[in-house]
Amino acid sequence: MKVRVNTFANLREYAPDGRSGFELALADGATVAELFAALRIPATVEAVMLVNGRRADAATRLNGGDEVTLFPPMEGG
Amino acid sequence: MHGWCGKILRVDLSLGKVASEPLDPHVAREYIGGRGFGIYYLRKEVDPACDPLGPANKIIMAAGPLTGTAAPTGARYVVTTKSPLTGAITCSNSGGNFPAELKKSGHDALIIEGASAQPVYLWIDGARAELRPAEHLWGKTTHEADDALRGETHAKAKTAVIGPAGEKRVLFAAIMNDRDRAAGRAGVGAVMGAKKLKAVVVRGVGEVALADPAAFQAANAKYRDDFKAKTRVNPPALRTHGTAITSVGTQAHGVFPTRNFQQGTFEGWEAIGGEELTKKYLVRAKPCFSCPIACGRVTRVPDGPFQGEGEGPEYETIYSLGSNCGVDDLAALTKANYLCNELGLDTISMGCAIACAMELVEKGHLKESEVGMPLRWGDGHALVALTRMTALREGFGDVLAGGSRRLAARCGRSELAMTSKGLDFAGYDPRGVQGLGLNYATSPIGGSHMRGDTAYFELLGVPVPADPHTWEDKPPLVAKWQDLFCVIDAAGLCVFFSVRYLVEQNLMVKPVGITELLNGATGAGYTPEEVEKIGERIFNAERLFLLAAGFTRKDDSLPPRMTREPMPAGPAKGLVCRLEEMLGPYYQLRGWTPDGVPADAKLKDLGLG
């Protein structure tokens with residue numbers, strides 16, 4: 001299956017060519033943790049994870065066509 | 001005293017008299033400082049029914065015991081007064097270097113009362129203080145005034161000044177310190193203008209004395225080391241991109257206020273985001289006093305119609321002057337931000353007044369002929385022109401100077417002002433951030449995020465993430481966070497560092513690190529529980545002033561768009577803010593009556609009875 005991934009700030013460096021908004025092929029039923037592994041994001045890197053605009057975590061299962069957004073935790077404006 | 005200077009400066013503008021008086025140690029211990037001192041003296045000395053722009057109102061400028069120390073982000077002060085925009089209390093908070101300088105001059109707080117017949121400024125040179133004529137400064141921008149004042153006092157003096165907007169009593173005029181830092185909200189600058197006080201200039205050469213230097217340094221080193229260790233792996237987004245980066249979170253959750261809160265996503269969001277700001281206009285990051293984060297932005301728009309340089313924009317400005325006005329031109333909104341800084345305006349309420357006007361025009365309730373120019377969503381030139389006109393009260397700017405609530409009422413469409421208690425919302429649509437909706441409605445100053453910013457955990461993962469759409473679990477968290485922010489604002493710290501490093505990293509945010517630093521500085525021997533109770537005392541004291549000023553349960557409200565019009569699209573589609581369901585449980589756990597009045601038992605418990 002394919003999912004769409006948006007990464008921001010320091011997490012952008014794990015995007016294939018540094019560009020946010022890319023497609024990623026994963027095994028059917030893959031989790032967010034497996035997406036992290038595919039992008040080689042170390043476990044020590046903190047990220048807020050959203051799937052289709054809703055809060056997710058490492059165990060969240062993905063479906064084809066899902067939009068995954070990753071950004072660092074931040075204190076806000 | 002340690003941490004505290006033990007001295008307050010009372011400035012009577014009517015009599016032209018300046019005198020220092022001792023800080024009551026009991027008040028220091030029970031209210032800590034900053035926002036706590038603000039509400040203590042406001043309740044003690046100001047009639048809640050007074051005219052905010054009359055001589056009976058007072059301005060309390062107060063630092064905290066950690067302000068001016070080496071504590072991480074010990075840079076803040078709070079300006080407390082009765083707001084001319086809302087009629088409620090306001091306690092507006094700012095960083096930079098002025099607050100630390102105030103402490104180094106040997107003062108915990110200034111109480112400014114009465115009104116001068118002629119423009120004056122206050123010059124505090126260590127222990128000496130005097131009022132000086134300021135007629136030659138009246139009409140000058142904040143930057144011009146800062147230059148002139150340091151020229152005629154001391155090159156290293158720090159200033160807090162009003163611009164033309166404050167002089168002309170624009171109801172959301174700011175007090176600007178260190179040129180570009182703002183005590184921005186609810187018109188503190190208009191109160192200063194009405195008193196004909198152009199500026200406070202301070203020079204301090206002393207150091208803040210510490211009760212237990214070894215304990216203080218140990219705590220300071222521990223929390224700074226925590227910060228260094230964490231940021232080695234996770235570079236802080238606020239340092240790299242400033243608060244402007246926040247729109248990645250609000251857009252992704254579908255709560256980025258757009259076109260006067262008609263939508264929660266903005267198609268032009270990336271063009272006005274933090275990463276674009278870094279790429280196009282960032283000159284350098286600029287920290288406040290003793291801050292390891294450095295979220296401040298020195299920026300320059302190098303060319304084009306909106307050429308200029310200064311500081312900003314912050315996230316709240318990107319929302320208010322950007323998405324909320326449908327503006328996707330980063331140069332235009334940055335230029336409007338520079339004007340707000342130089343003329344002395346709150347960027348949030350400025351943008352919200354223009355956004356409200358744009359919707360009134362769109363819906364046919366306001367004629368462009370009355371505005372004097374075309375006023376359509378996304379018009380960056382109108383944004384810049386109206387900002388200047390508002391500060392100077394020229395043409396339609398005189399109407400905008402009253403803020404969005406008065407504008408909407410004037411057009412017979414009060415429901416189109418996106419405010420609570422008359423204060424414009426921050427950049428989070430409460431339909432998709434339920435806890436923040438409850439906070440907007442119950443914040444003592446009205447629609448501010450900085451009185452308990454639950455967006456940190458509901459949207460941005462700090463200290464741990466929570467679901468922004470649930471409402472049943474939010475009342476206790478909102479109360480806890482409101483009380484925590486009272487503590488942070490009283491101590492003289494910045495919330496950005498405090499919520500990540502100086503509290504326990506769960507949603508109950510016990511202020512362990514704050515307590516350690518306070519004890520090292522003051523020797524007060526607080527427990528974290530005692531500090532939490534002080535936060536609750538401050539919040540309840542503010543509530544009492546609000547009620548005495550005539551506010552009731554019906555003012556703990558949100559506009560009907562937030563509670564009755566479901567979000568039309570995006571991740572928060574179909575949601576409304578469940579305020580009514582949250583309000584009852586919130587009052588109950590606060591120990592308030594069903595009418596939102598602190599019950600006698602609660603007041604007695606907090607020492608407010």
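Helices here are DSSP runs of H or I with at least four residues, numbered from the N terminus. The model you are looking at is predicted.

**Exercise 1.** Find the helix in which B:I39 lies, and decide whether B:I39 is buried or exposed.

*Solution.* Start with the helix: B:I39 belongs to helix 2 of chain B, residues 35-45. Next, take the neighbour count, which is 29 other C-beta atoms within 10 Å. A residue with 20 or more such atoms counts as buried, so B:I39 is buried. Finally, look at its partners beyond four places in sequence: B:I39 touches B:T80, B:I538, B:A541, B:E542 and B:F545.

**Exercise 2.** Work out how the axes of helix 13 and helix 17 of chain B are oriented to each other.

*Solution.* First, locate helix 13 at residues 347-362 and helix 17 at residues 403-410; their axes come within 8 Å and cross at roughly 20 degrees. Angles under 35 degrees count as roughly parallel, and therefore these two helices are roughly parallel to each other. The crossing is right-handed. Now see which residues make the contact: helix 13 of chain B offers B:S349, B:C352, B:A353, B:C356, B:A357 and B:L360, while helix 17 of chain B offers B:G403, B:S404, B:L407 and B:A408. Sorted by character, the residues of this contact are seven nonpolar, three polar and no charged.

**Exercise 3.** Describe the side of chain B that touches chain A.

*Solution.* Begin with the counts: 33 residues of chain B are in contact with 20 residues of chain A. Then look for helices that each supply at least two residues of that side of chain B; among them are helix 8 (237-241) and helix 21 (495-501). Last, sort the residues on this side of chain B: 17 are nonpolar, 11 polar and five charged.

How values were computed
Residues numbered from 1 in each chain as written. Chains lettered and ligands numbered in written order. Predicted model: local features only at pLDDT ≥ 70, side-chain atom pairs only at ≥ 80, totals over all residues. Buried ≥ 20, exposed ≤ 12 C-beta atoms within 10 Å, placed from the backbone. Contact = placed C-beta atoms within 7 Å. Nonpolar A, V, L, I, M, F, W, Y, C, P; charged D, E, K, R; others polar. Axes fitted to C-alpha atoms, helices over the stretch in contact; angles between N-to-C directions. Parallel < 35°, antiparallel > 145°, perpendicular 65-115°, else oblique. Left-handed = near helix turned anticlockwise from the far one by under 90°.
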